[in-house]
Amino acid sequence: MSVLLSIDSVCKHFGSFQALDNIHLDIEQGEFIVLLGPSGCGKTTLLRSIAGFMQPDSGTIAIDGEDVSRLPPYRRPLNTVFQNYALFPHMTVLENVAYGPRRQGVNRSESRLKAREALAMVGLEALEDRYPRGMSGGQQQRVALARAIVNRPKLLLLDEPLSALDMKLRKRMQLELKHLQAKLGIAFIFVTHDQEEAMTIADRIVVMNAGRIEQVGNSSEIYSKPASRFVADFIGEANLIGYQASDSGEIRLAIRQEPISRTEKNLLPRGVAVLRPEHVLVLDASTPATAGCHEIHGTVTDVVSVGSHTLVHSLIDGQPIVARTMGLPRADLIAGKSVRLGFNPEHLHLIGEPV
Amino acid sequence: MKRTALAPWLMLFAALAFFTAFFLAPFAVVIVASLTQGADQTFTLDHYIRVLGDQYHWDVILVTFRIAALTTLISLLLGYPLAWYLVRVVKWRAWRRACVILLVVPMFTSNIVRSFGWMVLLGRKGLVNQSLLETGLIDTPIRFLGTELGILIGMVYILLPFIVLAAGNALAQVDPAFEQASGDLGASPRATFFHVVLPLTMPGIISGSIMVFTLAASAYVTPALLSGGRISVLSMLIFQQYSSVFDFNYGGALSVVLLIFTLVMVGLAGRVGNIRGNNP
């Protein structure tokens, strides 16, 4: 695999607000990349800088080794699916899709041929004579997709393309996009604030916060080995428990007197331990904890069941801990009653934080 | 309940009564006058035959609509870029507001005053000729008054704001995302303008043009003052018939001819506007 897009030291300010803070990122041919983060984290600014709608203050963006930072959008070998689709209202579906090849100098009949081909890929060939105005959100979405792939760009940018669709259609489109991407072999950069969506479709997720990249990795890396407190909290649910490490290597958690057994080296003296709710066991009053399982005692504050699983919220020395158990809640879990919880220290992920 | 149900009808009636009394009735009077003759009001087409059978009238009709068409065209060519500047280029709100005020405030002044102003400026020893002479661009003063050029300058000046406001309004409503999408698909700014922005602002351009064209075709004050009596447009002939000759029948026929010609032109413009920019 070779590097397709190379982003180097890109910064962007809006007044005193730092939208992009020294971004470095390499993307390979045919990769499905998701830029994930809360609103205002800089993901859309980064996408617009790649597309050319915005000039970074400093740094370079190169596609296939060629620096495109100073090129206008129409000279960049990439296409964009816009958040609100931006379909031309005065053109039919076919005209919309054929617009790209036409502007690239392809003649009329061949442009139409290419447009029909692209429409067929998204399953819309029957609607080519309609105007976008009268189409559903899902159909407009497909037209926007067909219009963006018709020129066969090296790189396709998608700016929260599914955010306007309802949940069911959204889930279906996620899988369709993934299949389409695999079929075309084009690298996709997909912006979203929805971590579930990101984990569903991405080869690699780029988690952004406050203009910086917090972590790059595949979904399991990001979930099981978050690089920062922000990533741990943003991706899925997490119990964040403060820890302290002594010079002798003993690690103590805020919720337990005894040290835990870990083998980390060069760990910062303070930080947080990430414990996912599914790794917290709710122990039965009669059964003892199994070997290797650390036991903690607390008070139940809430029991929330969604049918397939139950979340048990409890407090341990003032620290909230959430446990996730399969199925419906046990009868003895009642708010205000005490509870025995257990966890295996292997499941802890420690993130050192500089003081 | 009953009052509220009645209120819309009352309001509608008021509007209809006003429209009938001050528009339909006078219009009917004009039409009837144009089709009748003498105190006993016998039906005749003589006035129309007199209007359309005379080459002089055809010349005046031609001049009238040539001036109206050129006024519309020049206003568009000047007004669209100005609207673009105000909507797309100006970033500073206060300056944009100041520009719009500068554009609109002259409309509060009487056409007569403004046309007299142009008579002073465009005269043989007026500011325009003086400046041109002093900068050495011309050797002898240009004759503006009494020429179509002079009338055009005055008309464009008076009617330009209509185009700027209509086109500016249309431009402001074009979502910048369309232009970005066009650029993203490989269209140069020039291609984006002709394939996306221009078609999307066409309704505004057409409505502004129709306004300017109809106002220019029916304008009286500006052509009357700037023509110096050398050029006649239809409205001046109509005015003569009503105010000096007192031939309301013949004047009525002229009015109806002006109206019909204007409607035909506007209809043609609307037809052109309906043709969509389908180029793939």
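In what order do the elements of chain B run from the N terminus on? Good morning, colleagues. From the N terminus on, the order in chain B is α-β-β-α-α-α-α-α-α-α-α-α-α-α. That comes to 12 helices and 2 strands, where helices (H or I, at least four residues) and strands (E, at least two) are DSSP runs, numbered from the N terminus.

Before I continue, a word on conventions. This is a predicted model, in which local features need pLDDT of at least 70 and side-chain atom pairs count only at pLDDT 80 or more, while totals for chains, interfaces and linings use all residues. Residues are numbered from 1 along each chain as its sequence is written, chains are lettered from A and ligands numbered from 1 in the order in which they are written, and side-chain values use heavy atoms, with hydrogens and water left out.

Let me stay with chain B for a moment. Taken along the principal axes, its C-alpha atoms fill a box of roughly 75 × 70 × 40 Å. Of the 280 residues in chain B, 38% are buried; buried means under 20% relative accessible area, exposed means over 50%, and partly exposed lies in between, with a 1.4 Å probe and protein chains only. Contact means heavy atoms within 4.5 Å. Among contacts in chain B between residues at least 6 apart in sequence, 69% join residues at least 24 apart.

One such link between distant parts of chain B is a salt bridge, for which the rule asks for a side-chain nitrogen of Lys or Arg within 4 Å of a carboxyl oxygen of Asp or Glu. The side chains of Arg66(B) and Glu148(B) meet in this way, at 2.6 Å from N to O. Arg66(B) belongs to helix α3 (residues 55-89) and Glu148(B) to helix α7 (residues 148-172), 82 residues apart. Arg66(B) is partly exposed, with a relative accessible area of 35%, and Glu148(B) also counts as partly exposed, at 21% relative accessibility.

I turn now to the interface of the two chains. Here 22 residues of chain B are in contact with 26 residues of chain A. The area buried between them is about 2,200 Å², of which carbon and sulfur atoms give 61%; buried area is the accessible area (1.4 Å probe) that two parts lose on being put together, summed over both. The rule finds 0 salt bridges across this interface. There are, however, 7 residue pairs in polar contact between chain B and chain A, both residues at pLDDT 80 or more. A polar contact is a pair of N or O atoms within 3.5 Å; within protein, one must be able to donate a hydrogen and the other to accept it, and residues adjacent in sequence count only if both atoms are side-chain atoms. On the side of chain B that touches chain A, the elements giving two or more residues are α8 (176-184) and α9 (189-218).

Next, chain A. Its domain assignment, which is automatic or from a database, gives domain 1 (3-233) and domain 2 (237-352). Their centres, taken over C-alpha atoms, are separated by 39 Å. How many residues are in contact between domain 1 of chain A and domain 2 of chain A? The count is 10 residues of domain 1 with 8 residues of domain 2. The two domains bury about 790 Å² between them, 55% of it on carbon and sulfur atoms. In domain 1, Tyr223(A), Arg229(A) and Ala232(A) lose the most area to domain 2, together 62% of what that side buries. Between the domains there are 0 salt bridges by the rule, and 4 residue pairs in polar contact. The elements that give two or more residues to the domain 1 side are α7 (219-224) and α8 (229-234).

Arg229(A) appears again in a salt bridge with Glu353(A), the closest N and O atoms being 3.0 Å apart. Arg229(A) lies in helix α8 and Glu353(A) in the segment after β19 (349-352), so the pair ties together parts that are 124 residues apart in sequence. Arg229(A) counts as partly exposed at 39% relative accessibility, as does Glu353(A) at 24%.

A buried pair offers a further example. Arg170(A) and Glu197(A) form a salt bridge at 2.8 Å, N to O. Arg170(A) sits in helix α5 (residues 167-184) and Glu197(A) in helix α6 (residues 195-201), 27 residues apart. Both residues are buried. Over all chains, the count comes to 20 salt bridges. Thank you for your attention.
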